[in-house]
Amino acid sequence: MADTHEDSPPPQDGPTGDDAGREERTAPSLGAHGRPPSRSEHWTAFTRSPFFPATVLVLILAAAAALFAGSYTYAMANPTPRHIPTAVLGAADSPTGRTFTGGMERALASSLELRPYRTRAEALEAVNEQEVFAVVSLRDGRVALDVAGASGASVARLLVESAVEVGRATGVPVTVADVEPLQKGDPRGLALFYISLAAVIIGFVGAIQLSVHARPLNPAERIAFTALYALLGGFAIAATVDWLLGTLDLPFVESWLILALTMFASGMVFSMFNTLIGRWAVLPTWGLMVLLGNPSSGGAVSWPLLPSPLGHIGQWLPPGASVNAQHTAVYFGGHQHLFPFVVLAGWALVSSAVFWLWRHRHPGGRERGGAHAAP
């Protein structure tokens, strides 16, 4: 009888079929000619893997955390006055005037920028125009110090504390009054800073979300939706702090439009960088708006107490312009300045123009019309 195994293939030692394919897929890759991969090949493989951008993000987030804490600590931990514009009524070179102002400068470790005025009405008008932070009245060997808490709570508090100490040390009678106090719901003067901060951060976070979740929007549609969420978001912030919480008594329409313009400018700054440098756009946006702009805005610490470069730079950035415009609208109605609106509008227009001119690089959008069917 013939052997039924005569035509059977000889047994194989190695894996076959699916097992062979599985072994091939799981085997470590080798370099050229079957040798182990070199360091450069390892590096090339790493840069092409998802681990590379993840590692870069870890390092960036760690640096951002340090810079965020450092920028706020540098600006706010130890506020020191550089110069404080101060109105003077009376003879500043009199014995009482020299004694008091000299004592104040020593107590503040800085200089009072004394500006003489003829009448109290003129001096108070300068306070309302935010040209001076206080009024010193010298009469009959006595000193009356008028501060404006609304001009800057931190500056007013420092002036009052120093004046009391100087009066006690020099024997000069000193009376203190706040001619423009803060609202009851905002005793520290921080509410305006927080609502401006909210507008800035939600402004560019909204633009980030549009780029992720509404990527097919064309450039014109992107600008339109940025303006839409800015208007609605500004209204929501103003309504919450005024109508819902009653923290601030806002000039509603003016405050709403300031917040909306702030949100739009912040959103378009991100959109501009998104067009210019793509997925890393959040880095310059965060640096400009949060690391530099918010600590230098004068909202938490008044500009005279900030380190000198920050005090000047902050007024030209959207967060500082927003705080400045909002602060004047709430506390010095009728004395609004054009400058902060020029700054906000300038950032909004320049960012929108750059975004529009380079719209061909916009990382999104969609094709116009339907696709042609393949033959």
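Student: What does helix α5 lie across in this predicted model?

Tutor: Helix α5 (residues 120-128) lies across β1, β3 and β4. Its direction runs at about 160° to β3.

Student: What makes α5 and β3 roughly antiparallel or roughly parallel?

Tutor: Set the angle against the cut-off. Angles over 145 degrees count as roughly antiparallel. The angle of α5 to β3 is about 160°, so the pair is roughly antiparallel.

Student: Which sheet do these strands belong to, and what is the strand order?

Tutor: Five strands form an open sheet in the order β2-β1-β3-β4-β5. The pairing is mixed.

Student: What makes β2 and β5 the edge strands?

Tutor: Each pairs on one side only. β2 covers 111-116 and β5 covers 174-178.

Student: How much are neighbouring strands turned against each other?

Tutor: By 25° on average, with direction ignored.

Student: How do you know that β4 and β5 are paired?

Tutor: Count the bridges. Pairing needs at least two bridges. Strand β4 (residues 142-147) and β5 have five, so they pair, and in the parallel sense. Take Val147: its bridge partner in β5 is Asp178.

Student: Which helix packs on the sheet and touches β2?

Tutor: Helix α4 (residues 95-108). It touches β1 (83-89), β2, β3 (134-139), β4 and β5. The direction of α4 makes about 145° with that of β2.

Student: Now the helix pair. Why is α7 called oblique to α12?

Tutor: The axes of α7 (residues 191-213) and α12 (residues 318-331) cross at roughly 135° and come within 9 Å. Roughly antiparallel needs over 145 degrees, and roughly perpendicular stops at 115. The crossing angle falls in neither range, so α7 is oblique to α12. The crossing is right-handed.

Student: Which residues of α7 and α12 make the contact?

Tutor: From α7: Leu192, Phe193, Ile195, Ser196 and Val200. From α12: Pro319, Ser322, Val323, Gln326, His327, Val330 and Tyr331. By class, eight are nonpolar, four are polar and none is charged.

Student: How confident is the predictor in the chain?

Tutor: The average pLDDT is 85, and 86% of the residues score at least 70. Among the elements, helix α13 (residues 339-357) has the highest mean, 97. Helix α1 (residues 17-26) has the lowest, 47.

Student: Where is the pLDDT below 50, and how many contacts are there beyond near neighbours in sequence?

Tutor: Residues 1-6 are one such stretch, with zero of those contacts. Residues 20-28 are also below 50, with two. Where pLDDT is low, the predicted coordinates should not be read in detail.

Methods. Residues numbered from 1 in each chain as written. Predicted model: local features only at pLDDT ≥ 70, side-chain atom pairs only at ≥ 80, totals over all residues. Heavy atoms only, no water. Axes fitted to C-alpha atoms, helices over the stretch in contact; angles between N-to-C directions. Helix = DSSP H or I, 4+ residues; strand = E, 2+ residues; numbered from the N terminus. Parallel < 35°, antiparallel > 145°, perpendicular 65-115°, else oblique. Left-handed = near helix turned anticlockwise from the far one by under 90°. Contact = heavy atoms within 4.5 Å. Nonpolar A, V, L, I, M, F, W, Y, C, P; charged D, E, K, R; others polar. pLDDT = per-residue confidence, 0-100.
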